[in-house]
Amino acid sequence: MQVQKLSDLYKNWAELEQHRNSWHNQTLEHLFARDSNRGLRYRVSAAGLELDYAKNHLTDETLKHLLSIARQADLPGAIKRLLGGAHVNNTEDRPALHSALRHIGAPITAEHQQVEETLTRMAQLVTAVHSGSWTGYTGAAITDVVNIGIGGSDLGPRMVTKALSPFHTGHVRVHFVANIDGAEITDLLKQLNPATSLFIVASKSFSTQETLENSLSAKAWMLAGGASQGDLAKHFVAISSRVDTAVSFGIAAENVYPIWDWVGGRYSLWSAIGLPIAMAIGMDNFNQLRAGAHAMDTHFAEAPLEKNLPVLMGLIMFWYSNFFGATTQAVLPYAYHLQLLPNYLQQLEMESNGKSVTKTGIPVDYPTGAIVWGTEGTNGQHSFHQLLHQGTTLIPVDFIATLRSHSPLKHQHRLLFANCVAQSQALLTGRNLQLTAKELLNQGANPIEIERLAVHKVHPGNRPSNTIVMDLLTPHSLGALIAAYEHKVYTLGVLLNINSFDQWGVELGKLLGNHVNIALETTDVPGDWDSSTAELIRRFGVANES
């Protein structure tokens with residue numbers, strides 16, 4: 001069977017492999033010792049962000065080889081095709097025009113015109129709710145807005161709404177429900193008043209199982225609370241392409257906001273899917289979020305590859321995945337409000353690049369999507385950082401930090417930033433046996449204790465990281481950060497010759513989930529199912545016998 005090899009795609013692959021071997025004889029610490037300006041040379045700025053990538057296993061020669069691969073993959077042309085509306089999603093024959101959602105300026109295409117019209121309608125709704133002119137069935141103003149969605153209709157808006165907490169207007173409280181587990185919506189509804197709650201049902205098809213079930217539960221709760229069927233239009237709006245289905249649910253046609261096929265779910269927070277964001281922070285700040293992303297789009301389109309922030313992020317991870325065996329990457333925001341960013345990036349990267357065939361359907365023999373994970377600092381330092389520093393797995397790290405904080409506790413922000421910088425420094429330098437022994441001696445340990453403990457306290461060092469810095473976490477800087485990661489993912493997709501915009505891998509589980517649910521309802525288990533699945537269904541049935 002034909003298999004795609006990267007060595008067949010790139011003519012300098014053997015040279016790059018040979019260059020990789022040279023890293024057995026040098027360390028990051030040696031690179032800094034030889035080049036006092038390394039920290040200044042290996043950094044790039046764009047749209048209010050600064051990427052310090054000096055603490056990576058890179059030299060000018062490495063970058064020359066990686067940039068050659070980018071040009072052989074026609075990355076400049078691929079960027080133009082993405083932003084120009086070409087059908088880069090070849091399996092679904094669609095463009096991926098999320099950049100059109102944050103286009104700033106006069107509309108230049110039909111898609112831009114549709115976006116502007118939708119933004120105007122969103123602004124009208126946000127104003128009506130914030131001003132109190134939109135009222136519930138008792139005539140009371142809305143106090144709580146609940147977004148019901150899942151995947152791209154939940155992760156992006158939820159992450160941004162949390163991240164921009166300092167910019168919440170206070171007009172309404174915004175909540176999110178995603179899980180099919182009824183515990184989530186049950187717990188939330190206990191805190192709300194039906195008369196003052198507005199639900200946003202976010203589903204392109206208006207048939208996604210989790211979203212539909214949670215919406216039906218919210219509808220039943222509303223009716224039980226005193227609303228009539230006719231009152232539902234005052235308490236539900238929808239973001240969907242299925243106006244007819246939304247109307248049948250009880251949502252007024254004028255309160256259905258569009259989502260288009262040329263927008264993938266994980267790239268959609270800039271569209272009407274971002275309505276809960278706008279409800280929380282207002283339309284002016286929502287438009288600043290879009291403006292930050294647009295600034296990064298412009299940089300991605302115009303900056304040369306060697307100074308292109310998202311391109312460099314992609315090239316660095318390509319280097320570690322294919323030449324250092326790295327299968328995972330940690331994203332560690334040292335900003336409490338960015339605590340949901342790793343969750344959001346999991347979908348962005350793993351759903352986009354978790355593929356095993358090329359764009360033309362040929363099986364690949366190389367790693368594609370990395371496992372992305374992390375949490376906000378400094379929490380991680382007291383859990384998984386042990387593995388980062390002394391474990392045997394190479395894990396490239398992205399540290400994210402802000403120079404200033406919205407918190408009035410400036411001394412704590414100084415400590416937070418110090419910890420971020422110190423963690424990247426510790427990964428770089430480590431601590432060798434000789435230094436460890438000397439430290440133990442200075443602490444009063446005797447020779448026997450030193451011999452016993454020193455080896456356990458050694459940190460190998462020579463472990464890579466990026467540091468992304470912004471002045472302050474604002475709608476603009478957050479928009480730029482998200483767009484940078486979007487374009488990093490696309491860069492990797494181009495280099496790996498895969499389609500970053502389909503997600504067929506989520507379909508099988510959905511299909512089988514429906515089949516299993518039928519078996520649970522009817523106790524009719526097909527004879528050709530595996531014995532593990534059959535036994536799990538039997539046990540559920542026994543536990544729920546009435």
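What follows is a short conversation about helix packing, the nonpolar core and aromatic pairs in a predicted model.

Trainee: Let's start with helices. How do I describe two that pack together?

Mentor: Two packed helices are described by the angle between their axes and the distance between the axes. Here, take helix H5 (residues 60-72) and helix H14 (residues 309-323): they pack at about 105°, with axes 10 Å apart. Angles of 65 to 115 degrees count as roughly perpendicular, so H5 is roughly perpendicular to H14.

Trainee: Which residues of H5 and H14 make the contact?

Mentor: On the H5 side, look at Thr-62, Leu-63, Leu-66, Leu-67, Ile-69 and Ala-70. H14 brings Leu-312, Leu-315, Phe-318 and Trp-319. Sorted by class, the H5 contact with H14 has nine nonpolar residues, one polar and no charged ones.

Trainee: And the nonpolar core, how should I think about that?

Mentor: In soluble globular proteins, nonpolar side chains tend to be buried together. In this model the largest nonpolar core has 119 residues, and Met-279, Phe-318, Leu-478 and Leu-481 touch the most other members. Helix H20 (residues 475-496) gives this core its largest share, 13 residues. There's also a second, separate core of 23 residues, with Tyr-137, Ala-195, Leu-232 and Ala-246 among them.

Trainee: Phe-318 has come up twice now. What does Phe-318 touch?

Mentor: Leaving out residues up to four places away in sequence, Phe-318 touches Leu-6, Tyr-10, Trp-13, Leu-66, Ile-69, Leu-492, Leu-495 and Leu-496. Phe-318 counts as buried, at 1% relative accessibility.

Trainee: Trp-13 is on that list, and both have rings. How do I read the geometry of Trp-13 and Phe-318?

Mentor: Check the centre distance and the angle between planes. Trp-13 and Phe-318 sit 6.1 Å centre to centre with 80° between the planes, an edge-to-face pair. Trp-13 lies in helix H2 (residues 13-21) and Phe-318 in helix H14, so to speak distant parts of the chain, 305 residues apart. Trp-13 is buried too, with a relative accessible area of 8%.

Trainee: Where would I find a tilted pair?

Mentor: Try Trp-319 and Phe-323: their ring centres are 5.2 Å apart and their planes are at 40°, so that pair is tilted. Being four residues apart in helix H14, Trp-319 and Phe-323 are separated by about one helical turn. Trp-319 is buried at 0% relative accessibility, and Phe-323 is buried with a relative accessible area of 10%.

Trainee: How many aromatic pairs does the whole structure have?

Mentor: A search of the whole structure finds 16. Ring pairs also link Tyr-10, Trp-13, Phe-318, Trp-319, Tyr-320, Phe-323 and Phe-324 into a cluster.

Conventions
Residues are numbered from 1 along each chain as its sequence is written. This is a predicted model: local features need pLDDT of at least 70, side-chain atom pairs count only at pLDDT 80 or more; totals for chains, interfaces and linings use all residues. Side-chain values use heavy atoms; hydrogens and water are left out. Axes are lines fitted to C-alpha atoms, for helices over the stretch in contact, and angles run from 0 to 180 degrees between N-to-C directions. Helices (H or I, at least four residues) and strands (E, at least two) are DSSP runs, numbered from the N terminus. Angles under 35 degrees count as roughly parallel, over 145 as roughly antiparallel, 65 to 115 as roughly perpendicular and the rest as oblique. Contact means heavy atoms within 4.5 Å. Ala, Val, Leu, Ile, Met, Phe, Trp, Tyr, Cys and Pro count as nonpolar, Asp, Glu, Lys and Arg as charged, and the others, Gly among them, as polar. A nonpolar core is a set of buried Ala, Val, Leu, Ile, Met, Phe, Trp, Tyr and Cys residues joined through side-chain atoms within 4.5 Å. Buried means under 20% relative accessible area, exposed over 50%, partly exposed in between (1.4 Å probe, protein chains only). Rings of Phe, Tyr and Trp (its six-membered ring) pair if their centres lie within 6.5 Å; planes under 30 degrees apart count as stacked, over 60 as edge-to-face and the rest as tilted.
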